[in-house]
Amino acid sequence: MQAFNRRQLALIAGSVVALLVIGTVGFRWALGETWFDAFYRTVVSASLTGLDTTPHTTSGELLTVAVVLSGVAVFGYFAAQIVDAVTHGVLRGVWRENKKRKMLAEIRDHIIVCGYGRVGRRAAEEFRAGGVPYVVLDFGEEALAFAEENGDLWVDGNGADDGDLARAGIDRARGLLVAADDDADNMYIVLSAKARRPDLVVIARASSEEAERKLKLAGADRVVTPYTTAGRVMANLMTKPQVTALVSTLTSSDTTNLSFEEIEVQQSCGAVGSTIGELEVGRKTGAYIVAVRKLDGHLKLRPSKETVLGEGDVIVGIGSPDEIGRLEQLFEPRAAGA
């Protein structure tokens, strides 16, 4: 908490110096005291600690009254600023905490990021750029300070604790990103999350293939090994640089003119049972469907116009932000009777 700004500090310091100078010169002139005795009398009078001796001249008494009142004014202002800073700091902290609790209670369809290290922060950047709501769950002071600095919604807690997961809104979340540095911690988090929400999509980080296998057994839907992924990307950059650059560009949130999006086909959208050709996706939206993952998990790349879409299928579209927006509208659930 910053109690004073530079202007306030300069005002207080200037007032104290001016009071001491004027008082010392005044007592030296009015009472004929030495410079040190005059300075001492000024300090004692201004600080309200008492009077050295009672002045025996009218001018000395008047000057003493002026110094005492000035001291009251200066130190009163100083005390008022301290009280104001403390009060505002406390109230501001209470207001921020209440606001955070309200946001945590209202957030829906979000991602919980457990572990806010390098991996978690990079994932959060992608979420932020894509407009995806997320909550940071961590107990490290440095991680929480970083989240606060970036304006993230955060919870101080452990992802393996059911109470902390509940505070992060796991019952209303769409997914959980497990990115702690320790594989054992990640496994406990996955187990805790899946025990509470078996249907929750959980993506976990692993440091080895053995840890990847165990995390999948624990219930993680997808497991990412950063070292393996980095090695694969580096090799592809060496052997297929243009292809790798294209894929990186298309899947990065930094790209503004072209992006991928996946959309689940729901019964109420009116597309169930229709073919891609019958829906006239290209003409109506300008986007292209490059893949369809069927409900049984089979992935059809470059689906033809005769591909029939079923409930629960997931289409992968590519296009500009406007084209993707129209594609989402085409598959948007419709109200009954519409």
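Colleague: Are Phe127 and Tyr134 buried or exposed?
Modeller: Keep in mind that this model is predicted. A residue counts as buried under 20% relative accessible area and as exposed over 50%. By that scale, Phe127 and Tyr134 are both buried.

Colleague: How is the aromatic pair of Phe127 and Tyr134 arranged: stacked, edge-to-face or tilted?
Modeller: The structure holds two aromatic pairs. In the pair of Phe127 and Tyr134, the ring centres are 6.1 Å apart, with 45° between the planes. Stacked needs planes under 30 degrees apart, and edge-to-face needs over 60. The pair of Phe127 and Tyr134 is therefore tilted.

Colleague: Let's turn to charges. How many salt bridges are there?
Modeller: Here a salt bridge needs a side-chain nitrogen of Lys or Arg within 4 Å of a carboxyl oxygen of Asp or Glu. One of them joins Arg121 and Glu142. By this rule, the count of salt bridges is 15.

Colleague: How many residues apart in sequence are the parts that Arg121 and Glu142 tie together?
Modeller: The side chains of Arg121 and Glu142 meet in a salt bridge at 2.7 Å, N to O. Arg121 sits in helix H4, residues 118–130, while Glu142 sits in helix H5, residues 141–149. So the pair ties together parts whose separation in sequence, in residues, is 21.

Colleague: Is Glu142 buried or exposed?
Modeller: Take its partner to begin with: Arg121 has a relative accessible area of 17%, so Arg121 is buried. Glu142 has a relative accessible area of 53%. The cut-off is over 50%, so Glu142 is exposed.

Colleague: What separates Glu126 and Arg122 along helix H4?
Modeller: Their side chains meet in a salt bridge, 3.1 Å from N to O. Glu126 and Arg122 are four residues apart in helix H4. That spacing means they are separated by about one helical turn.

Colleague: Which residue is linked with Arg122 and Glu126 in a network of salt bridges?
Modeller: Glu126 is partly exposed at 24% relative accessible area. Arg122 is partly exposed too, at 40%. The network of salt bridges links both of them with Glu125.

Colleague: Which residue forms a salt bridge with Arg41?
Modeller: Arg41 is at 3% relative accessibility, so Arg41 counts as buried. Its partner is buried as well, with a relative accessible area of 15%. The closest N and O atoms are 2.8 Å apart, and the partner of Arg41 is Glu33.

Colleague: Now the surface. Which helix gives the most to the nonpolar patch?
Modeller: Val17, Val21, Val25 and Trp35 make a nonpolar surface patch of about 390 Å². Trp35 lies in helix H2, residues 35–46. Three residues of the patch come from residues 6–31, which form the helix that gives the most, H1.

Colleague: Where is Glu261 found?
Modeller: Glu261 helps to form a negative surface patch with Glu262, Glu328 and Glu332. At 30% relative accessibility, Glu261 counts as partly exposed. Glu261 is found within residues 259–264, which make up strand E7.

Colleague: What is the phi of Asp109 near?
Modeller: Most residues other than glycine have a negative phi. Asp109 lies in the loop between helix H3 and E1. Asp109 is partly exposed, at 45% relative accessible area. Its phi is positive, near 55°.

Colleague: What is the phi of Glu280?
Modeller: Glu280 lies in the loop between helix H11, 276–279, and helix H12, 281–285. At 34% relative accessibility, Glu280 counts as partly exposed. Glu280 is not a glycine, yet its phi is positive, at about 50°.

Colleague: How far apart in space are Val113 and Ala179?
Modeller: Val113 is in strand E1, residues 111–114. Its relative accessible area is 0%, so Val113 is buried. Val113 and Ala179 are 66 residues apart in sequence. From C-alpha to C-alpha, their separation in space is 7.2 Å.

Colleague: How far apart in space are Val316 and Val202?
Modeller: Val316 has its place in strand E10, residues 314–319. Val316 is partly exposed, at 22% relative accessible area. In sequence, Val316 and Val202 are 114 residues apart. In space, C-alpha to C-alpha, the value is 20 Å.

Terms used
Residues numbered from 1 in each chain as written. Predicted model: local features only at pLDDT ≥ 70, side-chain atom pairs only at ≥ 80, totals over all residues. Heavy atoms only, no water. Patch = residues over 30% accessible without salt bridge, like charges linked within 9 Å, V, L, I, M, F, W, Y side chains within 5 Å. Areas by Shrake-Rupley, 256 points an atom, 1.4 Å probe, with all protein chains shown as cover. Lys, Arg positive; Asp, Glu negative; His and termini not counted. Charge placed at Lys NZ, Arg CZ, Asp CG, Glu CD. Helix = DSSP H or I, 4+ residues; strand = E, 2+ residues; numbered from the N terminus. Buried < 20%, exposed > 50% of the residue type's maximum accessible area, 1.4 Å probe, protein only. Phe/Tyr/Trp six-rings, centres within 6.5 Å; stacked < 30°, edge-to-face > 60°.
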